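Biologist: Could you pick one part of this model and walk me through it closely, with your cut-offs spelled out as you go? I'd rather have one connected picture than a tour of everything.

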Amino acid sequence: MSEIKKHEYLLEEEFYEFQHIGTKARSDKWCGHCNKIIPKGEPHLMSKFYPEFEGPAIHEKCEKDFLKSLN
């Protein structure tokens, strides 16, 4: 099993939810976890942090590893 790299500024205690984005994405995005492209129209997740901070978009398959990567 590979070690999960921690995000520098994203804190576990400030994370509160993922917003599921279905096929309505209007542009390509970069996954905030694996740094690969999320193509326009591909379902993905938007991370939400307190206070009202929208974090990076991530692939659905990266969800668990992203949560483990929070400081």
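Modeller: Let's start in the largest nonpolar core, which has 14 residues; Phe18, Phe49, Ile58, Phe66 and Leu70 touch the most other members. A core here is a set of buried Ala, Val, Leu, Ile, Met, Phe, Trp, Tyr and Cys residues joined through side-chain atoms within 4.5 Å. The elements giving two or more residues to this core are β1, β4 and β5. Element names come from DSSP runs numbered from the N terminus, with strands (E) of at least two residues and helices (H or I) of at least four.

Before going on, the ground rules: this is a predicted model, where local features need pLDDT of at least 70 and side-chain atom pairs count only at pLDDT 80 or more, while totals for chains, interfaces and linings use all residues. Numbering runs from 1 along each chain as its sequence is written, and side-chain values use heavy atoms, with hydrogens and water left out.

Now the sheet. It is open and has 3 strands in the order β1-β4-β5, with antiparallel pairing; two strands count as paired if DSSP finds at least two bridges between them. β1 (15-21) and β5 (53-59) are the edge strands with a single partner each, so one side of each has no neighbour in the sheet. Neighbouring strands are turned by 25° against each other on average, direction ignored. That angle is taken between lines fitted to C-alpha atoms; in general, axis angles run from 0 to 180 degrees between N-to-C directions, and helices are fitted over the stretch in contact.

The part I'd zoom in on is β4, residues 44-49. On one side, 6 bridges join β4 to β1 in the antiparallel sense, and Phe15 stands opposite Phe49 there. On the other side, 5 bridges pair β4 with β5, again antiparallel. Across that second pairing, Leu45 faces Ile58, and Phe49 stands opposite Phe53. As background, strands of a sheet pair through backbone hydrogen bonds, either parallel or antiparallel.

How many residues of β4 are buried? 6 of the 6, so the strand is largely enclosed by the rest of the structure. Buried means under 20% relative accessible area, exposed over 50% and partly exposed in between (1.4 Å probe, protein chains only). Both faces are covered, with His44, Met46 and Lys48 on one side and Leu45, Ser47 and Phe49 on the other.

Two of these residues are polar enough to deserve a stop. Ser47 sits at 0% relative accessibility, so it counts as buried. Its side chain reaches the backbone oxygen of Pro56 at 2.9 Å. That makes the polar-contact cut: a pair of N or O atoms within 3.5 Å, where within protein one must be able to donate a hydrogen and the other to accept it, and sequence-adjacent residues count only if both atoms are side-chain atoms. Leaving aside neighbours within four places in sequence, Ser47 also has contacts (heavy atoms within 4.5 Å) that include Phe15, Phe18, Phe53 and Phe66.

Then Lys48: at 14% relative accessibility it counts as buried too. Lys48 forms a salt bridge with Glu54, the closest N and O atoms being 2.9 Å apart, and a search of the whole structure finds 1 salt bridge. The cut-off is a side-chain nitrogen of Lys or Arg within 4 Å of a carboxyl oxygen of Asp or Glu. Glu54 is partly exposed, at 44%. Beyond four places in sequence, Lys48 touches residues including Glu14, Tyr16, Gln19 and Phe53.

Past the end of the strand, a cis peptide bond joins Tyr50 and Pro51, with omega about -15°. Pro51 belongs to the loop between β4 and β5. This hairpin has 3 residues between its strands, and Glu52 takes a positive phi near 55° there.

Back to the core through Ile58, whose contacts outside the four-place window include Phe18, Ile38, Leu45 and Phe66. Ile38 lies in β3 (residues 37-38) and, at 1% relative accessibility, counts as buried. Besides Ile58, the contacts of Ile38 include Trp30, Cys31, His44 and Ala57. Asn35 is in the loop between β2 (29-30) and β3. Asn35 is exposed at 55%, and although not a glycine, Asn35 has a positive phi of about 60°.
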